[in-house]
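Reader: I would like to go through this model with you. Could you take my questions one topic at a time?

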Amino acid sequence: MKKFAAVVLVALILIAGALFAFAQMDLFKVTTNSSSETALVQDRIVELSEWTTLKYEYSHAIVSRTDKSIPFTDINFAEAIKLIEYSGYLKAGSDLSQMEMDYDDESEKMSVRIPKAQILDNVVETEKTTVEDIKGNIFSDYPTQKVFDEVNENKKQLEEEKIEQGFLEEADKRTEELLTAFLNTQGYTEVSIEFY
């Protein structure tokens, strides 16, 4: 019985030693090349789809007028004036599904081509919109659609103004900062980003 216990103990020590030796060797280490690593990183980024990098919140007031006049005269008999107050937000970012990535092994540089920023959302928060009567009488009929038309026209005008002020360029700059920081955390120290 002692002989059997000694054989089992020696066998367990040999098995443990063999497992330790295999663990120290990189026999089971999975190796990947840089193109597959780049593809994995790109897949992680593309999962974000449209990457909103800049948001601008706004609040506006519009004075809207309607009037009914007697044809061929300057007499207004039913003028209505409304004060429309609304708020909303404007978002800009890039469509990451169109992104292209390439890693150069020699220079150890990650090159990224990404579409320029565009307006992703321009939303008026209708639950916060108020319409107040400033002037009106029983004959003045103010169509509700006119309120929506004026708000939509005004928000489009605001979007164009923000684009002219450099809103999209600021979103591109923010995208570059965020993407560079993300790729740095993935181990890419040399990153080049180009917008097209």
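Author: The exchange below covers a sheet, a helix and several ring contacts.

Reader: What kind of model is this?

Author: It is a predicted model.

Reader: Let us start with the open sheet of three strands. What is its strand order?

Author: The order is 3-4-7, and the pairing is mixed. Strand 3 (100-104) and strand 7 (190-195) are the edge strands, each pairing on one side only. On average, neighbouring strands of this sheet are turned by 15° against each other, direction ignored.

Reader: How many bridges join strand 4 to strand 7?

Author: Six bridges join them, and the two strands run parallel. Ser111 stands opposite Ser192 in strand 7, and Ile114 stands opposite Phe195 in strand 7.

Reader: And in which sense do strand 3 and strand 4 pair?

Author: They pair in the antiparallel sense, over five bridges. Asp102 stands opposite Ser111 of strand 4. The two strands form a hairpin with four residues between them, and Glu108 in the turn has a positive phi of about 55°.

Reader: Which side chains of strand 4 are buried?

Author: Met110, Val112 and Ile114 are buried and point to one face, while Lys109, Ser111 and Arg113 point to the other and are not buried. As for what packs on the sheet, helix 4 (residues 167-185) lies across strand 3, strand 4 and strand 7, at about 150° to strand 7.

Reader: Changing topic: how far apart are the end C-alpha atoms of helix 3?

Author: They are 31 Å apart. The helix has 21 residues (144-164), which at 1.5 Å a residue should span 30 Å, so the two values agree. After helix 3 comes Gly166, with a positive phi near 100°.

Reader: Now the rings. How many aromatic pairs does the structure hold?

Author: It holds four. One of them is Tyr58 with Tyr86, edge-to-face at 6.3 Å centre to centre and 85° between the planes. Tyr58 is in strand 1 and Tyr86 in strand 2, 28 residues apart. Both Tyr58 and Tyr86 are buried.

Reader: Why is the pair of Tyr103 and Tyr188 edge-to-face?

Author: Their planes stand at 65°, over the 60 degrees required, and their ring centres are 5.3 Å apart. Tyr103 lies in strand 3 and Tyr188 in the loop between helix 4 and strand 7, so the pair ties together parts that are 85 residues apart in sequence.

Reader: Which charged end sits over the ring of Tyr56?

Author: That of Lys162, 4.0 Å from the ring centre. Lys162 is among the buried residues of helix 3. Tyr56 also belongs to one aromatic cluster with Tyr58, Tyr86 and Phe167. Elsewhere, Arg113 lies over the face of Tyr196, at 4.4 Å from the ring centre.

Conventions
Residues are numbered from 1 along each chain as its sequence is written. This is a predicted model: local features need pLDDT of at least 70, side-chain atom pairs count only at pLDDT 80 or more; totals for chains, interfaces and linings use all residues. Side-chain values use heavy atoms; hydrogens and water are left out. The expected span of a helix is 1.5 Å times one less than its number of residues. Buried means under 20% relative accessible area, exposed over 50%, partly exposed in between (1.4 Å probe, protein chains only). Two strands pair if DSSP finds at least two bridges between them. Axes are lines fitted to C-alpha atoms, for helices over the stretch in contact, and angles run from 0 to 180 degrees between N-to-C directions. Contact means heavy atoms within 4.5 Å. Rings of Phe, Tyr and Trp (its six-membered ring) pair if their centres lie within 6.5 Å; planes under 30 degrees apart count as stacked, over 60 as edge-to-face and the rest as tilted. A charge sits over a ring if NZ of Lys or CZ of Arg is within 6 Å of the ring centre and within 35 degrees of the ring normal.
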